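Trainee: I should like to work through this structure with you, one point at a time. Could we begin by looking at it together?

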Amino acid sequence: MDTLQELINMRRAEIPAHTDAFRVVDGTVWPGVFIDALADRLLVSLRDTALPRGLRDLLEQTGRAVFVKRLDKDVKEPPRQLCGPPLPLRFHILENGVRYIMDMAAGYSQGLFLDQRLNRAEVRRLCRPGMTLLNTFAYTGGFSVCAALAGATATTLDLAQPCLTWCRENMQANGVDDSRHFFCKGDTLHWLDRFARQGRTFDAIVLDPPTFSRDEKGRVWRVERDYGMLVEKAAACLSPNGWILCTTNCRKLTHAAFRAMVQSAAPSATLTHAPMPPDFNGEDYLKCLWCRF
């Protein structure tokens, strides 16, 4: 590799058309260094390492606005601009022709998890008019946007009101009338119990929880201990012949252990593993199972 731009061009050839957000470096060229292309910007994430010698020169040679953030275990900070022209911190990226709002000033996460690209595309392929989808732990609602674009009615659930507002904005950016969809603020486990009591069901459910969280009563949630309970609660809200996308980025869980946990919680489901996108060619950390009932 003579220039970073050559690597960007090589990665671009591996991803779908109408997509300008993808991983360029996945910890394999420089250990602990991850670089994402986000439209005309670059985001460098550093995990327990400093910026390698010589990398700044390569980044500057791209002519892009470059931002850097740390992924250290105890550090949660927004990106800072390293070099390149000053550009708005809030901007749009394209993924399979879908527009998403990104924000370099939003904090630790910028608005979309790129490693879920294939799953968002599959949600759009599987959904159709008349279907209902529940998107739990929705963050900025990428799965909801894809379901809505396919004609399904999305219910977006997240603990943070700003995330629900962001999801509405993502829908609007794609010409979706957000007033035709539902937005629920609160704890997913509580809402699933509520839906079950009400007899409300969904044709499809997305489960992508954080690896660790604490509810308003101080109770701790851990994926490696509690994911099975989450699947059981979701299955109680699923329509006949529905499907659940079960996914987690918990590195403490192996693929086999995750599959066993999901299968135990949903013994009647047929499970299909989904791989990570090809530009994520480093650690195989993301576990994704399509559960069809």
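The exchange below takes up the cysteines, the sheet, the helices, the cores and a few single residues.

Trainee: How many disulfides does the structure hold?

Mentor: Bear in mind that this is a predicted model. A disulfide requires two cysteine sulfur atoms within 2.5 Å. The sulfur of Cys167 lies 9.5 Å from the closest cysteine sulfur, that of Cys163, which is too far for a bond. Cys246 is likewise in no disulfide, the nearest cysteine sulfur being 3.6 Å away in Cys291, and the count of disulfides for the structure is 0.

Trainee: Is Cys246 buried or exposed?

Mentor: The class follows from the relative accessible area, and the limit for a buried residue is under 20%. For Cys246 that area is 0%, so the residue is buried.

Trainee: In what order do the strands of the open sheet lie?

Mentor: The sheet is built from 7 strands, and their pairing is mixed. Its edges are β10 (182–185) and β15 (270–273), each of which has a single partner strand and therefore one side without a neighbour in the sheet. From one strand to the next the twist averages 15°. Read across, the order is β10-β9-β8-β11-β14-β16-β15.

Trainee: Which residue in β11 is the bridge partner of Leu134?

Mentor: Strand β8, residues 132–135, runs parallel to strand β11, residues 202–207, and 3 bridges join them. Within β11, the partner of Leu134 is Ile205.

Trainee: At about what angle does helix α5 run to β10?

Mentor: Two helices that lie across strands may be taken in turn. Helix α3 (residues 117–126) lies across β8, β14 (238–248) and β16 (287–292), and runs at about 15° to β16. Helix α5 (residues 161–173) lies across β9 (153–158) and β10, and its angle to β10 is about 165°.

Trainee: Which residues in α5 are met by Ser144, Val145 and Ala148 in α4?

Mentor: The axes of α4 and α5 come within 9 Å and cross at roughly 35°. The crossing of α4 past α5 is right-handed. One of the residues on the α5 side is buried, at 0% relative accessibility: Cys167. The full set met by the three α4 residues is Cys167, Asn170 and Met171.

Trainee: Which helix gives the most residues to the largest nonpolar core?

Mentor: In soluble globular proteins, nonpolar side chains tend to be buried together. Here the largest such core has 43 residues, and those touching the most other members are Leu38, Ile93, Val123, Cys127, Leu133, Met171 and Trp243. The helix that contributes most to this core, with 5 residues, is α4 (residues 142–149).

Trainee: How many residues make up the other core, which includes Leu230 and Cys237?

Mentor: This core lies apart from the largest one, and its members also include Ile244 and Ala269. Its size, in residues, is 32.

Trainee: With which residues is Leu38 in contact, leaving aside its neighbours within four places in sequence?

Mentor: Leu38 is among the residues of the largest core that touch the most other members. Beyond its neighbours within four places in sequence, its contacts are Asp20, Ala21, Leu43, Phe91, Ile93, Met102, Met104 and Leu114.

Trainee: What is the phi of Tyr139, which is not a glycine?

Mentor: Ala39 offers a parallel case: it is not a glycine, yet its phi is positive, at about 55°. Ala39 sits in the loop between β2 (33–38) and β3 (41–46) and is buried, at 16% relative accessibility. Tyr139 sits in the loop between β8 and α4 and is buried, at 17% relative accessibility. The phi of Tyr139 is positive, at about 55°.

Trainee: How far apart in space are Arg292 and Ala150, C-alpha to C-alpha?

Mentor: Arg292 belongs to strand β16 and is partly exposed, with a relative accessible area of 31%. Not counting residues up to four places away in sequence, Arg292 touches Glu122, Leu126, Gly242, Trp243, Ser268, Ala269, Thr270 and Thr272. Ala150 is 142 residues from Arg292 in sequence, and the distance in space is 19 Å.

Trainee: What is the corresponding distance in space for Arg194 and Lys252?

Mentor: Arg194 is found in helix α6 (residues 188–198) and counts as partly exposed, at 37% relative accessibility. Arg194 and Lys252 are 58 residues apart in sequence, and from C-alpha to C-alpha they are separated by 30 Å.

Methods: Residues are numbered from 1 along each chain as its sequence is written. This is a predicted model: local features need pLDDT of at least 70, side-chain atom pairs count only at pLDDT 80 or more; totals for chains, interfaces and linings use all residues. Side-chain values use heavy atoms; hydrogens and water are left out. Buried means under 20% relative accessible area, exposed over 50%, partly exposed in between (1.4 Å probe, protein chains only). Two strands pair if DSSP finds at least two bridges between them. Helices (H or I, at least four residues) and strands (E, at least two) are DSSP runs, numbered from the N terminus. Axes are lines fitted to C-alpha atoms, for helices over the stretch in contact, and angles run from 0 to 180 degrees between N-to-C directions. Contact means heavy atoms within 4.5 Å. A nonpolar core is a set of buried Ala, Val, Leu, Ile, Met, Phe, Trp, Tyr and Cys residues joined through side-chain atoms within 4.5 Å. A crossing is left-handed if the near helix is turned anticlockwise from the far one by less than a right angle, and right-handed if clockwise.
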